[in-house]
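Visitor: Could you take me on a close look at the charged pairs in this protein? I am in my first year, so please go step by step.

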Amino acid sequence: MNVQAFLIMFREALEALLVVGILTTYLKKLGRPDFTKWVWTGVAGALLSSLLVAFLFQVVLTSFAMMGSEHYLKIAIMIISGLLLTHMVLWLGEQMKDVRGETERKLAAILSAGSAWAMVMHAYLVVLREGIETVFFFAAISQGDISAALQSWGALLGIVCAAAVCWVVFRTTMRFPLKTFFRVTSVFMMLIAAGLLAKAVRLMQDFGLIGSVMPEVFNLVTILPEHPVDEMHLIRDHGIEPLISAQVGVFLAGVFGYTHHPSLEVLVTYLGYYVVVFALLRAKRKRSKAESAKLAAGGVSGAHRRAAEATGNPSVTP
């Protein structure tokens with residue numbers, strides 16, 4: 001859970017801090033530092049609201065546990081979290097490429113209206129979105145124990161690393177490879193999302209909500225068991241030790257949803273997830289190239305037309 005908490009908190013905090021840093025930096029460049037306090041007012045309000053959401057979410061999870069229906073909610077949270085993480089990889093990463101330009105355009109509109117309340121709400125909504133997403137993701141990776149995830153060293157280290165990256169970006173002249181950071185974290189987010197969706201299918205099978213055509217496609221317990229208990233049973237029943245310690249299996253199971261004996265449905269969900277996501281990324285890349293080519297063609301056509309008008313030669317055509 002600590003590694004998952006670190007990656008999620010790092011990514012969410014980094015996005016929020018980048019936007020807040022752009023807001024405050026832009027205000028100082030415009031000579032309007034008086035609006036900076038309203039940015040931090042919005043940030044403080046969003047943090048308090050996020051904690052309130054975490055508390056309410058925990059109450060809901062506890063209530064479902066008391067009713068004996070906690071596993072239904074956990075499965076739903078895992079599925080929704082997996083889809084949200086995928087959305088983050090596919091769309092938010094693309095939007096972060098022009099986050100400075102987009103943020104400055106919104107800020108210019110707010111300043112032209114001279115509304116401090118609009119500044120507070122803008123900062124509030126930016127940070128609140130990341131805060132609510134973090135709470136939701138933490139509920140999924142911690143099996144409902146949100147407070148444990150928030151208090152883990154992974155969450156704390158994620159905030160510290162995100163703050164350090166932002167400090168380097170805004171306080172030094174060094175070019176920092178933010179695109180590389182987002183690409184690397186996107187890969188890990190995909191691994192976590194695939195694991196959550198596969199784990200949700202496995203839980204549905206464990207609780208008898210769905211059946212299985214093939215309950216066990218293969219068994220890698222002799223190579224890498226997913227839990228120390230499985231390793232103990234292997235040693236006790238067969239007198240052999242696994243090739244790789246179960247401690248590694250625990251880590252992979254907790255972070256990426258690994259299991260040494262997947263059902264056909266779990267395996268199809270896990271592998272199918274990557275097929276679908278890579279297909280979407282490929283289609284998106286092709287669409288982006290086509291749009292770039294169209295814009296470039298439009299620019300060349302416009303240049304030819306201007307040249308024809310300037311020279312008065314109608315033979316100059318696109």
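Guide: Here is a walk through the salt bridges, with a short look at their surroundings. Please keep in mind that this is a predicted model.

Let's start with the basic idea. Side chains of opposite charge can pair when their charged atoms come close. How many salt bridges does a search of the whole structure find? There are four of them, and we will visit three, including one inside helix 1.

That one joins Glu15 and Arg11, whose closest N and O atoms are 2.9 Å apart. Both residues sit in helix 1, with a spacing of four residues, or about one turn of the helix. Are these partners buried or exposed? A residue counts as buried when its relative accessible area is under 20%. Glu15 has a value of 1%, so it is buried. Arg11 also comes out at 1%, and therefore Arg11 is buried too.

While we are at helix 1, look at how it meets another helix. Helix 1 covers residues 2-29, and its axis comes within 7 Å of the axis of helix 7, residues 153-171, with a crossing angle of roughly 30 degrees. Angles under 35 degrees count as roughly parallel, so helix 1 is roughly parallel to helix 7. The crossing of these two helices is right-handed.

Next comes the pair Arg129 and Glu130. Their side chains meet in a salt bridge, with 2.4 Å from N to O. Here the two partners fall into separate classes of exposure. Glu130 has 3% relative accessibility, so it counts as buried. Arg129 has 40%, and because partly exposed covers the range between under 20% and over 50%, Arg129 counts as partly exposed.

The third stop is Asp237 with Arg236. Their side chains form a salt bridge at 2.9 Å, N to O. Arg236 has a relative accessible area of 60%, which means that it is exposed.

To round off the tour, here is a part of the surface without charged side chains in its list. Leu52, Phe55, Leu56 and Val59 make a nonpolar surface patch of about 380 Å². Val59 belongs to helix 2, which covers residues 36-66. With 38% relative accessibility, Val59 counts as partly exposed.

So, as you turn the model, you can find a salt bridge with Glu15 and Arg11 both buried, then one that joins Arg129 to Glu130, and then one that involves the exposed Arg236.

Notes:
Residues numbered from 1 in each chain as written. Predicted model: local features only at pLDDT ≥ 70, side-chain atom pairs only at ≥ 80, totals over all residues. Heavy atoms only, no water. Patch = residues over 30% accessible without salt bridge, like charges linked within 9 Å, V, L, I, M, F, W, Y side chains within 5 Å. Areas by Shrake-Rupley, 256 points an atom, 1.4 Å probe, with all protein chains shown as cover. Salt bridge = Lys/Arg side-chain N within 4 Å of Asp/Glu carboxyl O. Buried < 20%, exposed > 50% of the residue type's maximum accessible area, 1.4 Å probe, protein only. Axes fitted to C-alpha atoms, helices over the stretch in contact; angles between N-to-C directions. Parallel < 35°, antiparallel > 145°, perpendicular 65-115°, else oblique. Left-handed = near helix turned anticlockwise from the far one by under 90°.
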